[in-house]
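Reader: Could you take me through one part of this structure up close? I'd like to look at the place where the ligand sits, and at whatever is built around it.

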Amino acid sequence: MYQSKIAGLGSYVPENVVTNDDLSKLMDTNDAWIQERTGIQERHHIKKGDGNTTSIMGAKAAKIAIERANISKDDIDFIVFATLSPDYYFPGCGVQVQEILDINTCPALDVRNQCSGFIYALSVADQFIKTGMYKNILVIGSENHSGGLDFTTRGRSVSVIFGDGAGAAVLTRSNHNGQGILSTHLHSEGKHALELSLKGPSTNHWVPEIIAENPQGDDIPYYPYMNGQFVFKHAITRFSEVIMEGLKANGLEVKDIDMLIPHQANLRISQFIQQKFKLSDDKVYNNIQKYGNTTAASIPIALTEAWENGKIKEGDLVVLAAFGSGFTWGSAIIEW
Ligand SMILES: CC(C)(COP(=O)(O)OP(=O)(O)OC[C@H]1O[C@@H](n2cnc3c(N)ncnc32)[C@H](O)[C@@H]1OP(=O)(O)O)[C@@H](O)C(=O)NCCC(=O)NCCS
């Protein structure tokens with residue numbers, strides 16, 4: 001059985017910064033409300049004409065990760081792309097990245113697990129490396145939220161939270177036993193599927209049907225719906241459970257954590273987990289203040305930034321954890 005490790009990381013966010021004050025010009029909101037409830041100060045949004053899409057941003061992050069992994073694009077054996085905001089209904093973004101980066105005919109898979117997407121994608125990649133089937137796997141999380149949000153007051157409880165961006169990792173077969181991904185743990189609970197969802201357009205809610213069902217346009221299923229407090233309560237429970245599950249499976253304890261990188265859902269959720277586990281500030285990495293919630297991209301962006309800032313060093317125990325729509329949740333325990 002082989003082990004996988006992260007050999008290269010990269011991230012990309014569009015240049016256009018949108019502050020809370022900018023949003024308050026579009027809808028009835030304000031900086032104080034957004035910061036108090038979410039910790040978010042600003043986020044990046046794709047600007048019309050800047051050339052970015054979910055797959056293009058993913059490819060930009062991937063190119064950096066490949067360079068840092070010291071491999072060639074031709075060494076990539078598999079592409080796993082996590083997103084809830086693909087460029088097209090089909091095909092997926094994985095094949096588009098393959099085309100943009102001119103990668104050979106390796107397989108490409110899209111993962112649809114929203115905020116847990118990167119952990120799910122990492123877990124899929126880890127299994128393929130463990131079995132010896134593949135050696136180098138490109139794992140990407142990328143989102144274009146701004147293209148699909150309701151920027152009127154009606155959509156304010158959702159649209160102030162999300163931002164655009166991409167992060168990527170090259171997962172490689174590890175040469176040192178014990179170094180790399182120690183475990184991943186994944187869960188889902190479909191009974192809460194619609195508590196955080198985008199119903200259509202889809203095969204079940206096609207455009208004419210949506211218009212017929214909503215002649216007044218007041219309940220619009222082509223914008224995301226989120227039951228905020230319900231999501232919050234489940235998130236704090238599931239984050240804690242899945243971190244403990246991962247630690248226990250490896251005979252580790254909370255005190256062994258050197259760096260926790262939670263999915264950047266809401267600063268209040270991260271702070272709750274930090275307090276519950278009594279972790280000092282230097283052991284939890286948050287950057288939601290600058291990027292908002294970038295869903296599948298949030299963990300790889302944060303991981304890249306933490307690594308670039310020298311906050312993760314060889315031998316450190318790094319814990320990744322996520323919760324999101326589905327509901328889905330998961331953790332990855334990594335010895336760096
Ligand atoms: C979304 C969230 C920030 C909302 O905070 P909340 O404290 O639950 O706020 P509520 O939805 O109860 O709304 C409180 C009030 O603020 C208002 N409000 C909602 N969005 C607002 C905004 N952007 N600006 C100003 N006021 C807003 C509401 O209309 C409501 O007004 P009312 O009391 O007059 O009805 C919070 O529920 C949350 O973070 N949930 C988890 C979300 C999450 O993590 N999602 C990603 C999961 S991966």
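Author: The domain assignment splits the protein chain in two, with domain 1 running over 4-173 and domain 2 over 180-335. Keep in mind that this is a predicted model. The C-alpha centres of the two domains lie 14 Å apart, and the contact takes 45 residues from domain 1 and 41 residues from domain 2.

Look at the domain 1 side of that contact. The elements that put two or more residues into it are β1 (4-12), α2, β3 (42-44), α5 (117-130), β6 (136-143), α6 and β7 (165-173). Of these, α5 has the largest share, at seven residues. Sort the domain 1 side by class and you get 17 nonpolar, 20 polar and eight charged residues.

Now for the ligand itself. Where does it lie? Both domain 1 (4-173) and domain 2 (180-335) give residues to the shell around the ligand, so the ligand lies between them. That shell is made of 21 residues, and the closest are Thr29, Arg156, Ser157, Gly228 and Ala265. Four elements give two or more residues each: α2 (31-38), α6 (156-159), α8 (228-249) and β12 (317-324). You've met two of those already, since α2 and α6 are also listed on the side of domain 1 that touches domain 2. Which element gives the most to the shell? That's α8, with five residues. As for chemistry, the shell has 11 nonpolar, eight polar and two charged residues.

Since α8 does so much here, let's follow it away from the ligand. This helix packs on α9 (residues 267-277) at an angle of about 40°, and the two axes are 10 Å apart. That angle makes α8 oblique to α9, and the crossing is right-handed. On the α8 side the contact uses Phe232, Ala235, Ile236, Phe239 and Ser240, while α9 brings Ile269, Phe272, Ile273 and Lys276. Count by class and the contact between α8 and α9 comes to seven nonpolar residues, one polar and one charged.

There's another helix pair to set beside that one, back in the numbering. Helix α3 (residues 54-68) and helix α4 (residues 93-100) pack at about 55°, with their axes 9 Å apart. So α3 is oblique to α4, and α3 passes α4 in a right-handed crossing. In this contact Thr54, Ser55, Ile56, Gly58, Ala59 and Ala62 of α3 meet Cys93, Gln96, Val97 and Ile100 of α4. The contact of α3 with α4 has six nonpolar and four polar residues, and no charged ones.

While you're there, check the loops too. Asn70, in the loop between α3 and β4, has a phi near 60°, which is a positive value in a residue other than glycine. A bit further on, the peptide bond from Phe90 to Pro91 is cis, with omega near -5°; Pro91 belongs to the loop between β4 (78-82) and α4. Over in the loop between β9 (196-197) and α7 (207-213) you'll find Pro201, joined to Gly200 by a cis peptide bond with omega about 5°.

To pull it back to your ligand: it lies between the two domains because both of them give residues to its shell, and α8 is the element that gives the most.

Methods: Residues numbered from 1 in each chain as written. Predicted model: local features only at pLDDT ≥ 70, side-chain atom pairs only at ≥ 80, totals over all residues. Near = placed C-beta within 6 Å. Nonpolar A, V, L, I, M, F, W, Y, C, P; charged D, E, K, R; others polar. Domains from an automatic or database assignment. Axes fitted to C-alpha atoms, helices over the stretch in contact; angles between N-to-C directions. Parallel < 35°, antiparallel > 145°, perpendicular 65-115°, else oblique. Left-handed = near helix turned anticlockwise from the far one by under 90°. Contact = placed C-beta atoms within 7 Å.
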